[in-house]
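Got your viewer open? Here's a short walk through one strand and the two domains around it.

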Amino acid sequence: MSGNNVHSHTITALVQDRPGVLTRIASMFRRRGFNIASLAVGKSEQAQLSRMTFVVDSDSDDIVEQVTKQLHKIIEVVKVSDLSKEDIVARELALVKVRAQTASARSEIIQVVELFRAKIVDVAADSVAIEVTGDEDKIESILTLLRGFGIVEVMRTGRVAMVRGKKAPLKTGEAKSRASTRGG
Amino acid sequence: MKRTGAQIVCESLIKEGVDVVFGLVGGAILPLYQTLPEYPQLKHIMVRHEQCAAHAADGYARVTGKVGVCFATSGPGATNLVTGLATALMDSVAMVAITGQVPRAAIGKDAFQETDVTGVTLPVTKHNYLVMDPKDLAATIKEAFHLARTGRPGPVLVDIPKDVQQEEVDYRYPDSVDLPGYKPHLTGHPTQIKRAAKLIAEAERPIILAGHGVIISKAYAELKELAEKAQIPVITTLLGISGFPENHVLSVGMPGMHGMAYANIAIDRSDLLIAIGMRFDDRVVGRVSDFAPRAKIIHIDIDPAEIGKNVKTTVPLVGDAKRVLAALNRQVEHQERGEWIKQIDVLKREHPSHEIPISDKVLPQYVVNQIWEATGGNAIIVTGVGQHQMWAAQHYYYTKPASFVTSGGLGTMGFEVPAAMGAKVGKPRDEVWAICGDGGFQMTLQELATIVENKIDVKLAIFNNSFHGMVRQWQEIFYKKSYVATKLFNPDFVKLADAYGMTGLRVTNKEEVRPIIDQARAVKGPVLIDFVVESEENVYPMIPAGTSVNEMLEAPLPGLHLVDSKDSST
Ligand SMILES: Cc1ncc(C[n+]2csc(CCOP(=O)(O)OP(=O)(O)O)c2C)c(N)n1
C-alpha cells in the first residue's frame with residue numbers, strides 16, 4: 001500500500017549481544033533517513049542474543065522493505081522479521097506519575113486505574129505512580145484521562161511485539177560471544 | 001603456541017594470503033611494526049600519507065581480486081584512512097585496515113592520539129572491530145578477511161590497542177568463522193531464474209547493464225555466453241568497464257551522465273534491462289521516473305538491499321553474478337535479434353559519441369586515444385575524478401578484465417596516483433598508466449617518493465588543463481562561465497618529477513603526443529608526463545544531474561566545436 005496514509009510497521013530483529021550493536025543500528029537508521037517511532041531492546045530466550053522491536057512509521061512498503069534489508073546487512077543482526085502483515089500481540093508499558101493532592105483526586109484516579117486494569121505502583125504525599133500495559137491506543141486513552149489531574153512524568157517502553165500462535169522463534173546455533181571485541 | 005598480539009596479526013595475515021601491506025608507522029602501532037622484520041613474507045610499502053595506504057590497498061585489490069591491506073596508527077593516522085575506506089565501501093572493494101589504538105586503560109580518557117576509530121569509521125566500513133582481548137585477535141582477523149572478501153566485498157577495519165599488540169597469549173588460527181548473522185546468498189532462486197529466462201525469451205529489445213559485480217565475481221565468460229546466446233547488447237557502467245570486451249560487436253559502451261548517447265537511447269528504448277552487479281546509481285539513472293520507461297527489469301545482485309532500492313524490479317535475483325548467470329544461461333535459448341541490433345548500429349552511427357573533434361590542439365580525448373593505441377589496449381588504466389576520468393572511460397577501449405580502476409561511487413580525487421601504485425604492486429607484469437587530473441594529482445603527489453623509492457613502474461599522465469576541469473564545465477554550462485575557485489595554479493610538474501628523482505616529460509603540441517608516450521613506455525621505471533591539454537574542453541555527451549536522456553547535451557558539431565570552445569579560453 002503505497003498510499004498517502006502513514007502506517008506504523010512493527011519490525012523485530014534478533015541481534016548478537018555485542019557492544020556497539022545498538023550504535024550500528026541507530027547509525028544506519030539515521031544515515032538512511034528512516035524514522036524510528038519507537039525501539040525496545042531486551043534479552044531473548046537464547047543466550048547471547050537480544051531481541052529488538054522497532055516501530056517504523058511510513059507510507060510506503062518499499063521503505064519498510066529497505067529498513068528490513070538494511071538491518072539485515074548489519075553483521076550482528078541474525079534475523080529480521082517484518083510483522084506488519086502478521087497477526088501480532090503488541091504491548092507497551094508506561095509508568096505515569098500523576099498529581100494527587102486531594103482525597104477526591106486520589107479516588108477518581110483509582111477509578112481510572114481500575115477501568116484500564118492498570119496498577120498503582122507508588123504513592124507519595126501529593127502524587128501517585130501508575131503502571132499500565134497495553135497497545136498504544138490504550139496507553140493514549142489513559143493518558144488523556146489522567147491529563148486532567150496533571151501528569152508529572154511519563155515513561156514509556158515503546159512497543160514490543162510477537163506473532164500470535166505457535167510459530168517458533170528462530171533457533172540459531174550457540175552464538176559465541178566475544179564480548180571483549182567491540183563493534184563500533 | 002605463545003605469541004604476542006603483533007605476531008598473531010602477522011601470522012594471521014600470512015594465513016590469509018597477504019603478501020604486501022601499505023602503511024605508515026606511529027606510536028600506537030609500533031609493536032606491530034617492530035614485529036614485521038620477523039615476517040619477511042610480508043612486504044611493507046611505506047606511503048607518505050595514510051589516505052594513500054588505503055587507496056593503494058584498494059588499487060591492489062581491484063586488479064588482483066585479493067584483499068588489499070593497510071596499516072595506520074591511532075588518531076590522525078586512522079582518521080587519514082577515512083577517505084580511502086569510504087571510497088572502497090562505495091565501490092565494494094575488499095580491504096582490511098589495521099589501526100593501532102591507545103592502550104586499553106587509556107581508552108575513553110582522551111589520551112594522546114586517541115580517536116574513537118570504530119565510531120568514526122562505522123558508516124564507511126562493511127564492519128569494524130575494536131579488539132580488547134588478545135585472545136580474540138586471530139578469530140577477529142579471520143572474520144575481517146572473510147567479511148571483506150565474501151558476499152558484497154567491502155573494507156573492514158580492525159582497531160588494536162597497543163597493549164593488545166604486546167600481550168602474549170596462546171595462538172591458534174581458527175579454521176572457520178562464527179557469524180550467525182552473515183550468510184551471503186550466492187545462488188539465484190530457481191523460480192526467479194525461470195521467470196528471468198522467460199522474460200529474456202519474450203523481450204524484443206533487451207539490454208544488459210553490467211556493473212562492478214561482474215568483475216568482482218569474475219563472471220566474464222558467463223556474461224559473454226548470455227549476451228551471445230540470446231543476442232543481447234551489453235552496456236557496462238563506469239565500474240563495469242572491462243567486464244565485457246569493448247571490441248565485441250554486442251558492446252554498447254557506458255550509460256549515464258557522460259555515457260554514450262547511443263547507450264542511453266538504447267536503454268530508453270529497451271523493453272527489458274538485465275542489470276548484473278550494478279546498483280542503479282543516480283549518475284546512471286538520472287531522473288528515476290524517466291529512466292527506461294518501457295523496460296521491465298531483471299536485477300541480479302549479491303546485496304539484497306540493492307534490489308528495489310533505487311528502481312522497481314520485475315524479477316529480483318539475489319546471488320553471485322557468476323553463479324546466477326551460469327544457472328540462467330542453462331535456461332536461455334539461442335535467439336536472433338537482428339532488428340534490435342540493427343537499430344543500435346544505426347544509433348551508433350547517428351550519435352558518434354566517440355568522435356574526437358578535429359583540432360591542432362592537444363585535446364585530452366586525443367591523448368587518451370593515443371595511450372590506447374600505444375599500449376594496444378593492454379594496459380591497466382587508473383584514473384582520478386573529473387573530466388579526464390570520463391575521457392579515459394570513453395576513449396580507451398578495454399578488452400582485458402579488471403583493467404580499468406576508478407573511484408566511481410565516491411568520486412575521490414587524488415585516487416589516481418596511490419591506486420595506480422597499488423595496482424602495479426599487485427600486477428607487476430602489467431603496464432599501468434595513471435590518467436591524472438592536475439587537481440587530483442596534487443592531492444596525493446607526495447607518493448612520488450613512495451613510487452621512486454620502491455621502483456614502482458607506473459606511468460603518470462597528468463592531464464594539465466589548469467582547471468578543476470569537471471567543475472569548470474559545470475560552471476560553463478550552468479553558471480554562465482563564472483569560474484569561481486576552479487582555475488588552478490600549477491607547479492612545474494617536470495621539475496617536480498625531477499626533484500623526486502623520476503623521469504619527467506612534457507607535451508605541449510599535438511605532434512609530440514605519441515612520441516612522448518612511446519618514450520615513456522621505453523623507460524624502465526616510473527615516468528611523469530605533463531600533457532598540457534586544451535584547457536576548456538568539455539566532456540560530451542552530458543545528461544545534466546537529475547534529468548533524462550531527453551535533456552542530453554551532445555557535442556556541438558565538429559568545426560563549430562572549435563569555435564565554441566576557443567572563444568573564452570585563455
Ligand atoms: C576529494 C575531492 N574533492 C573535490 C571533488 C569535487 N570535484 C569533482 S571533479 C573536480 C575537478 C577535478 O579536477 P582535475 O583533477 O584537475 O580533473 P579534470 O576534471 O580537470 O580532468 C572536483 C574539484 C572531488 N570529486 N573529490
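Before you click: two strands pair if DSSP finds at least two bridges between them. Keep in mind, too, that this is a predicted model.

**Stop 1: strand β5.** Select residues 88-99 of chain A, which make up strand β5. Now bring up β7, residues 127-134 of chain A: the two strands run antiparallel and are joined by 8 bridges. For a landmark, pick A:Glu92, whose bridge partner in β7(A) is A:Gly134.

**Stop 2: the other partners.** Add β8, residues 151-156 of chain A, which pairs with β5(A) in the antiparallel sense over 5 bridges; here A:Val96 has A:Val154 as its bridge partner. Then add β9, residues 160-163 of chain A, antiparallel to β5(A) over 4 bridges. In that pairing, look for A:Ile88 with A:Val163.

**Stop 3: two faces.** In a regular strand, side chains alternate between the two faces of the sheet. Show the side chains of β5(A): the covered face includes A:Ile88, A:Ala90 and A:Glu92, while A:Val89, A:Arg91 and A:Leu93 are among those on the uncovered one.

**Stop 4: the domains.** Colour domain 1 (7-87 + 164-181) and domain 2 (90-160) of chain A separately. Their C-alpha centres lie 30 Å apart. About 430 Å² is buried between them, with carbon and sulfur atoms giving 47% of that area. Which three residues supply the most of domain 1's buried area? Select A:Ser38, A:Ala40 and A:Thr53: they supply 56% of what domain 1 of chain A buries against domain 2 of chain A.

Last, check the bonds across this interface: the rule finds 0 salt bridges and 3 residue pairs in polar contact.

Definitions and conventions:
Residues numbered from 1 in each chain as written. Chains lettered and ligands numbered in written order. Predicted model: local features only at pLDDT ≥ 70, side-chain atom pairs only at ≥ 80, totals over all residues. Heavy atoms only, no water. Buried < 20%, exposed > 50% of the residue type's maximum accessible area, 1.4 Å probe, protein only. Domains from an automatic or database assignment. Buried area = accessible area lost by both parts, 1.4 Å probe. Salt bridge = Lys/Arg side-chain N within 4 Å of Asp/Glu carboxyl O. Polar contact = N/O pair within 3.5 Å; in protein donor to acceptor, adjacent residues only side chain to side chain.
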